[in-house]
Amino acid sequence: SWVPETAQPTLGCVQVELVRGDEARFGFRVLQFRIENSQTFRLVFTSCLIRQFAQLGWLVYTTYERYFSKAPEDESSGPRLSVGWGKDIPIFPPAFMFVVLANGYLTWKISGRRLRFLFFPLNALSLRMILFSISFAMVMRLKKECDTELAKVGTEANFTPVAEVASAGVYEWSRNPMYIALSMAPLSFACLTDCGWFLLLSPVCPIYLDSIVIPAEEKFLMKQLGEPYTKYMDLTPRW
């Protein structure tokens, strides 16, 4: 709920909640707190970040449990890429992104240096919160559209068996729209926190995806789908 206009000046904090029901749903809300000293605000802001990391970790864990921790499925379901050290995909991409974010946060706290890089007016907390909220909503919208297009061809994300090429909707503009969103996460956190450590680590995730994950996927899909996927590669850019 919003603080009335007649109240004292407020500082804000973005709290992102992952709501789990029959299906995974995502939402965000912007909360405002009346905080009279900066030390209390730092405590609240840090607790929100820790909670966000915990929720991201829980999402990664539950996704891994759902898709990768069980015994291999019957071959009738179709071949799929294997995930794990020494396998096709050494580290599950969302888990890798979470590790990058955690390293940025820990480096910030251990070094005691924030490495601010934003200038006025972009360094205003309220503007940073708004931009982060907008980017988060756009990412969730993009993921929903990706899931919709994949469902139309009878497959899902997270390296499930593939029946045919998904080339409509967002996949008409990029072969890896989900990875574009994933690669933007460290940059979004850098802008939210005005912390240069996240900014310095932001290239790590796209490098991992472009050099390891995507080539493995393309090799697998060319073998499974053949000419239709080769034509799709010729018409649609990787990023």
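By about how many helical turns are Glu 149 and Lys 152 separated in helix α3? Being three residues apart in helix α3, the two are separated by about one helical turn, and their side chains meet in a salt bridge with an N to O distance of 3.4 Å, where a salt bridge is a side-chain nitrogen of Lys or Arg within 4 Å of a carboxyl oxygen of Asp or Glu. The partners differ in burial, since Glu 149 is buried at a relative accessible area of 12%, whereas Lys 152 counts as exposed at 61%; buried here means under 20% relative accessible area, exposed over 50%, and partly exposed in between, with a 1.4 Å probe and protein chains only.

The structure is a predicted model, in which local features need pLDDT of at least 70 and side-chain atom pairs count only at pLDDT 80 or more, while totals for chains, interfaces and linings use all residues. Residues are numbered from 1 along each chain as its sequence is written, and side-chain values use heavy atoms, with hydrogens and water left out.

Eight helices and two strands are present in the protein, and along the sequence they follow the pattern β-β-α-α-α-α-α-α-α-α; helices (H or I, at least four residues) and strands (E, at least two) are DSSP runs numbered from the N terminus. Of the 239 residues of the protein, 38% count as buried. The protein exposes about 14200 Å², of which carbon and sulfur atoms supply 61%, with areas computed by the Shrake-Rupley method with a 1.4 Å probe, and for residues only the protein chains shown count as cover. Among contacts (heavy atoms within 4.5 Å) between residues at least 6 apart in sequence, 73% join residues at least 24 apart.

In soluble globular proteins, nonpolar side chains tend to be buried together. The largest nonpolar core, a core being a set of buried Ala, Val, Leu, Ile, Met, Phe, Trp, Tyr and Cys residues joined through side-chain atoms within 4.5 Å, holds 43 residues, of which Ile 89, Phe 159 and Phe 198 touch the most other members. At least two residues of this core are supplied by each of α2 (93-111), α3 (125-152), α4 (177-183), α5 (185-193), α7 (204-225) and α8 (227-235), and the largest share, nine residues, comes from α7. On the surface, Ile 130, Ile 134 and Met 138 form a nonpolar patch with about 310 Å² of accessible area together, where patches are made of residues with over 30% relative accessible area and no salt bridge, like charges being joined within 9 Å and nonpolar side chains (Val, Leu, Ile, Met, Phe, Trp, Tyr) within 5 Å. Ile 130, placed in helix α3, counts as partly exposed at 48% relative accessibility.

The salt bridges number eight in total. Arg 175, Asp 210, Glu 218 and Arg 238 are linked in a network of such bridges. Within this network, the side chains of Arg 175 and Glu 218 meet at 2.5 Å, N to O; Arg 175 lies in the loop between α3 and α4 and Glu 218 in helix α7, so the pair ties together parts that are 43 residues apart in sequence. Both Arg 175 and Glu 218 are buried, the relative accessible area of Glu 218 being 7%. The side chain of Glu 218 also meets that of Arg 238 in a salt bridge of 2.7 Å, N to O, and because Arg 238 lies in the segment after α8, this pair ties together parts that are 20 residues apart in sequence. Arg 238 counts as partly exposed, at 23% relative accessibility.

Further contacts involve the start of α7 and the loop before it. Ser 202, placed in the loop between α6 (196-201) and α7, counts as buried at 13% relative accessibility, and its side chain reaches the backbone oxygen of Leu 199 at 2.6 Å. Leaving aside neighbours within four places in sequence, Ser 202 is in contact with Ser 183, Pro 186 and Leu 187. Pro 186 and Ala 102 are 84 residues apart in sequence, with a C-alpha to C-alpha separation of 9.9 Å; Ala 102 lies in helix α2 and is partly exposed, with a relative accessible area of 21%. Val 204, in helix α7, is likewise partly exposed, at 31%, and, with neighbours within four places in sequence left aside, is in contact with Phe 96 and Val 100. Val 204 and Phe 96 are 108 residues apart in sequence and 9.4 Å apart in space, C-alpha to C-alpha.

Conventions:
Polar contact = N/O pair within 3.5 Å; in protein donor to acceptor, adjacent residues only side chain to side chain.
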